[in-house]
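Colleague: I would like a close look at one part of this model, explained slowly enough for someone in a first year of study. Please begin with the part itself and then work outwards to the whole chain.

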Amino acid sequence: WSHAREHCAGKGRGWRLPTNDELYAIYDPNGSLPTACKSMTCKVSPLLRLTGYWFWSGDRSGSSSAWYVYLNDGNRAAYVVSSLAGFRALCVRAT
């Protein structure tokens, strides 16, 4: 999680991890993009090209966890921020 946050901040002014709600908003239960998420099918707009299917949000859940969204099925859950389990950063910036 901290690496994901640093990655987004390193993109320049205004870049950050999305909130849990912002990240969930790109999930589309009726959509699919079969090749966008490696071996999984992510349910997102075909305009997105993703390198994974678990994405960190910038929202904490207690002192040692943060929220993530699983774009294969729309599941949102908290996970330990020190994990390196393949979560990705999908950086956003206000326009």
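The request and the reply below concern the disulfide and its surroundings.

Colleague: Which residues does the disulfide join, and what lies around them?

Modeller: Please keep in mind throughout that this is a predicted model, and that the values I quote are computed from it. The structure holds 1 disulfide, and a disulfide, in general, is a covalent bond between the sulfur atoms of two cysteines. Here the two partners are Cys8 and Cys91, with a distance of 2.1 Å from S to S. The angle about the S-S bond is -85°, and the link is left-handed. Cys8 belongs to helix 1 (residues 2-9), while Cys91 sits in the loop between strand 6 and strand 7 (92-93), so the bond ties together parts that are 83 residues apart in sequence.

As for whether the two cysteines are buried or exposed, the cut-off to remember is that buried means under 20% relative accessible area. Cys8 has a relative accessibility of 0% and therefore counts as buried, and Cys91 is buried as well, because its relative accessible area is 15%. If neighbours within four places in sequence are left aside, Cys8 is in contact with Trp15, Arg16, Leu17, Ala89 and, of course, its partner Cys91.

Both cysteines also appear in the largest nonpolar core, a set of 12 residues that includes Trp1, Ala4, Leu17, Trp56, Tyr68, Val81 and Phe87. In soluble globular proteins, nonpolar side chains tend to be buried together. The elements that give two or more residues to the largest core are helix 1 and strand 5, and strand 5 gives the most, with 3 residues. Apart from this core lies another one, of 9 residues, among them Leu23, Cys37, Leu50 and Phe55.

Since strand 5 has come up, we can follow it into its sheet. The sheet is open and has 3 strands in the order 4-5-6, with antiparallel pairing. Its edge strands are strand 4 (54-60) and strand 6 (75-80), each of which pairs on one side only, and neighbouring strands of the sheet are turned by 35° against each other on average, direction ignored. Between strand 4 and strand 5 the antiparallel pairing runs over 4 bridges, and Trp56 stands opposite Tyr68 of strand 5; Trp56 and Tyr68 are both members of the largest core. Strand 5 covers residues 65-70 and includes Ser65, which is buried because its relative accessible area is 15%. Not counting residues up to four places away in sequence, Ser65 touches Arg60, Ala78, Tyr79, Val80 and Val81.

A residue from helix 2 (residues 20-24) also reaches this region, namely Tyr24, whose contacts beyond four places in sequence are Val69, Gly74 and Arg76. Tyr24 counts as partly exposed, because its relative accessibility is 31%. The C-alpha atoms of Tyr24 and Ser57 are 9.2 Å apart, although 33 residues separate the two in sequence.

Stepping back to the whole, the protein chain has 2 helices and 7 strands, which run α-β-α-β-β-β-β-β-β from the N terminus on. Its radius of gyration is 13 Å, which agrees with the value near 12 Å for a compact globule of 95 residues. Buried residues make up 34% of the chain, and among contacts between residues at least 6 apart in sequence, 49% join residues at least 24 apart.

Terms used
Residues numbered from 1 in each chain as written. Predicted model: local features only at pLDDT ≥ 70, side-chain atom pairs only at ≥ 80, totals over all residues. Heavy atoms only, no water. Buried < 20%, exposed > 50% of the residue type's maximum accessible area, 1.4 Å probe, protein only. Contact = heavy atoms within 4.5 Å. Pairing = 2+ DSSP bridges. Axes fitted to C-alpha atoms, helices over the stretch in contact; angles between N-to-C directions. Disulfide = S-S within 2.5 Å. Core = buried A, V, L, I, M, F, W, Y, C linked by side-chain atoms within 4.5 Å. Rg over C-alpha atoms; globule rule 2.2 N^0.38 Å.
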